[in-house]
Amino acid sequence: MAVNAKTLNETEFFYGHKACAGCGGSLAVRIALKVLGERTISVLPAGCMSAVGFNFPQLCFGNNAIISTFAGTASMLTGVEAGLRAQGITDFHAVGFAGDGGTADIGLQALSGAIDRNDDILYICYDNEAYMNTGIQKSSLTPFGARTTTTPAGKNIHGNLTQKKNMFEIVAAHDIPYAATASVGYINDFMRKVEKAASIRGTKYIHVLAPCPTGWGIKTDETVEVAKEVVDCGLWYLAEYENGRFTLNHKPEKFTDIKDYLKKQSRFRHLTDDDIEIIKTSRNTKWEYIQKNFNE
Amino acid sequence: MAKKFLSGNEAFAYGVRFARPQVISAYPITPQTIVVEKLSEFVENGSLKAEFIHVESEHSALSCAMGASSVGARAFTATSSQGLLYMAECLPYAAGGRFPIVMMNANRSTALPWNIYGDQRDSLSQLDSGWIQAYAENAQEALDLALMSFYIAEHKNVSTPFMANLDGFVLTHTYEVVDVPTQEQADKFLPPFKTENKMSFEEPKNLGFSAGPDNNIIFKYKEHLGLLKAKAVIKEAETHFESIFGRQYTGLTESYRTEDADYLLITLGSISGLVREVVDRLREEGRKVGLLRLRYLRPFPDEEITAAVRKAKAVAVLEKDISFGNEGTVYTNVNSALHKAGINIPSSDYIGGLGGKNISDEEIEQIFTDLAQQRTGVHFIGIGGGQSGS
């Protein structure tokens, strides 16, 4: 039975933490743990969720959880899984929650190693599109044009110059048993994917877009709305990779206006019409690729 | 027991096998490779039941071992030189987490210049990482140390990771006759790993947390106490070991003809064998010389050193290490112990063997000759280098 709002576990496994109001990352962690349940061990690297959830003596995970080194989410998950299996314990989930920097930058090598070994772990990247814990610095998942504290928007340079790294397809290229993209704006889709991943043996990867009001410059009650809108305007997409095939889960009939999405966030407010045209073109190129290569 | 002709690496691998580690994670680096190759053979032929994880780096090797230890599994890894430095972030992490992982380090020089041969600058650069550090002299001690390291690291009073050092090539690749015990003997010596410092589904825990300015020092103090308590546990382990295997070890240090020695050389690792020969030869000539071998650098054997040196007229340290811009790290540690004990005799530091350069018996004899002349200072053996570039 698919998990939904009615059947979701009432127990809280991540509460009492000090995440910012409207934090998309903490919503992803909270919901994923409700789906995975009590027999779960979470590994979180240095980053927002560990910074807000593990301050001795205020420890905020109701089930087993440990902070790994920044680069070591996947490798520590491997050890946790192997250590339990070596003791004959097999009915559990080993899940990692790492941010975009912890996944696509410093943690990519360890993640690649774990997928290569096909370790029985679930790796969830909560992507808030910059190093938010250290104060909004650019990561390789920061989108084009975004203003961060290390990609300032001025007269000469309009924020970040690089495109968002394609983690989903990088992970899929390992021939991973299961990978998916998700958004906290489409929470039922995310829950379904966590539930599905939990039922598959081997390495699983879910990349969930999780807005950060503090870093994106949106209101704290706009997180879910913005996380929906990024999908609706086509700058993010909901898809799965399984058995060597890509599947698109949600196809907007007509994209909503990219400009509306961008301009409500202070990180994009400086963008010119030319900048927005570049973003639109790259969105269209991406969707041409998706329509050609993904099943619907 | 059976006699086998084994290299240091192979002997250590046997010791690890007898300790029944549940998770082994390792990445290859010369001259460590043979120990992990041997262990993977043991896993393949079924003589060792362990999860052998082919990690993609040394950082992941130790990160993986921490993950395994955090759920109560006995974990082992091995590395050397650049690999040790690459995983360096994980060393204080494992120590602070009180994960009693055992790691073999094949002592090797660090780049630049590139060099694969033995010196001890790799492990000594990590002396303050919170790990127990032991230095084996020969293949037999390597095997025995492998077995004892788990006992010591996992003891509830210690709960501290253990780095067992073997000199690269000179010890890791040299073949010797080794007494190999039986699994039954090993099982009698080493109980299965039990700890409360783990995540379990019966008692869920949050581990590896943050501790702010108010609490941090408490955790660090307890970590320090864990290392200090290892002193007694090392003795206990060796007594227990002797009762089963019949071989005796002498704690943090090993004294050789020190009782009435006027001139004492302090060193560590495989060079001790040659020093012992020189001591014997000079003793035959009537020269009152002795050797103190440091078997452990952490916990530091300050009491053993001062006891051995108290009656001497001069003391020197011979080490394969230099803390650039100062002196050898072992020398600094030894001098601190002597100073605290109020021992004020000439002391000197001899730095040699860097990048695997041979140290000859003539050079060791010269150190004893210098000692008799009350020479002090820091000296680079074999190149005539003095402390200040003179």
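This briefing covers the fold of chain B, its two domains, its contact with chain A, and the sheets involved. The model is predicted. Chain B holds 13 helices and 17 strands. Its radius of gyration is 21 Å, close to the 21 Å that the globule rule gives for 390 residues, so chain B is as compact as a globular protein of that length. One sheet takes in strands from both chains, with S9(B) placed after S4(A) in its order.

**Overall fold of chain B**

- The C-alpha trace of chain B spans about 65 × 55 × 45 Å along its principal axes.
- Of the 390 residues in chain B, 54% count as buried.
- Contacts reach far along the sequence: among those in chain B between residues at least 6 apart, 80% join residues at least 24 apart.

**Domains of chain B**

- Chain B splits into domain 1 (2–245) and domain 2 (253–386).
- The C-alpha centres of domain 1 and domain 2 of chain B are 27 Å apart.
- On the domain 1 side, 26 residues are in contact with 20 residues of domain 2 of chain B.
- Helix H6 (121–124), strand S6 (132–135) and helix H9 (216–245) of chain B are the elements that each give two or more residues to the domain 1 side.
- H9(B) provides the largest share of that side, five residues.
- By class, the domain 1 side has 14 nonpolar, seven polar and five charged residues.

**Contact between chains A and B**

- Chain A brings 34 residues to the contact, and chain B brings 37.
- On the chain A side, at least two residues each come from strand S2 (54–55), strand S4 (64–68), helix H3 (73–86) and helix H5 (108–117) of chain A.
- H3(A) gives the most to this side, with eleven residues.
- The chain A side divides into 17 nonpolar, 14 polar and three charged residues.

**The sheet shared by both chains**

- Nine strands form an open sheet in the order S10(A)-S9(A)-S7(A)-S8(A)-S6(A)-S5(A)-S1(A)-S4(A)-S9(B), with mixed pairing.
- Strand S10 (245–248) of chain A and S9 of chain B stand at the edges; each has a single partner strand, so one side of each is left without a neighbour in the sheet.
- S4(A) and strand S9 (residues 206–207) of chain B run parallel and are joined by two bridges.
- Ile66(A) stands opposite Leu207(B) in S9(B).
- At the S10(A) edge, four bridges join that strand to strand S9 (residues 239–242) of chain A, and the two run antiparallel.
- There, Glu242(A) stands opposite Arg245(A) in S10(A).

**The seven-stranded sheet of chain B**

- This open sheet has the order S3-S2-S4-S5-S7-S6-S13 (chain B), and its pairing is mixed.
- Strand S3 (51–54) and strand S13 (296–298) of chain B are the edge strands; each has a single partner, so one side of each is left without a neighbour in the sheet.
- The twist averages 20° from one strand to the next.
- S6(B) pairs with strand S7 (residues 162–167) of chain B in the parallel sense, over four bridges.
- In this pair, Ala134(B) stands opposite Ala164(B) in S7(B).
- Helix H3 (residues 58–70) of chain B packs on the sheet and touches strand S2 (23–26), S3 and strand S4 (75–79) of chain B.
- The direction of H3(B) makes about 165° with that of S4(B).
- S6(B) belongs to this sheet, and S6(B) also gives two or more residues to the domain 1 side that touches domain 2 of chain B.

Note on methods. Residues are numbered from 1 along each chain as its sequence is written. Chains are lettered from A and ligands numbered from 1 in the order in which they are written. This is a predicted model: local features need pLDDT of at least 70, side-chain atom pairs count only at pLDDT 80 or more; totals for chains, interfaces and linings use all residues. The radius of gyration is taken over C-alpha atoms; the globule rule is 2.2 Å times the number of residues to the power 0.38. A residue is buried if 20 or more other C-beta atoms lie within 10 Å of its own, exposed if 12 or fewer, and partly exposed in between; C-beta atoms are placed from the backbone. Two residues are in contact if their C-beta atoms, placed from the backbone, lie within 7 Å. Domain bounds come from an automatic or database domain assignment. Ala, Val, Leu, Ile, Met, Phe, Trp, Tyr, Cys and Pro count as nonpolar, Asp, Glu, Lys and Arg as charged, and the others, Gly among them, as polar. Two strands pair if DSSP finds at least two bridges between them. Axes are lines fitted to C-alpha atoms, for helices over the stretch in contact, and angles run from 0 to 180 degrees between N-to-C directions.
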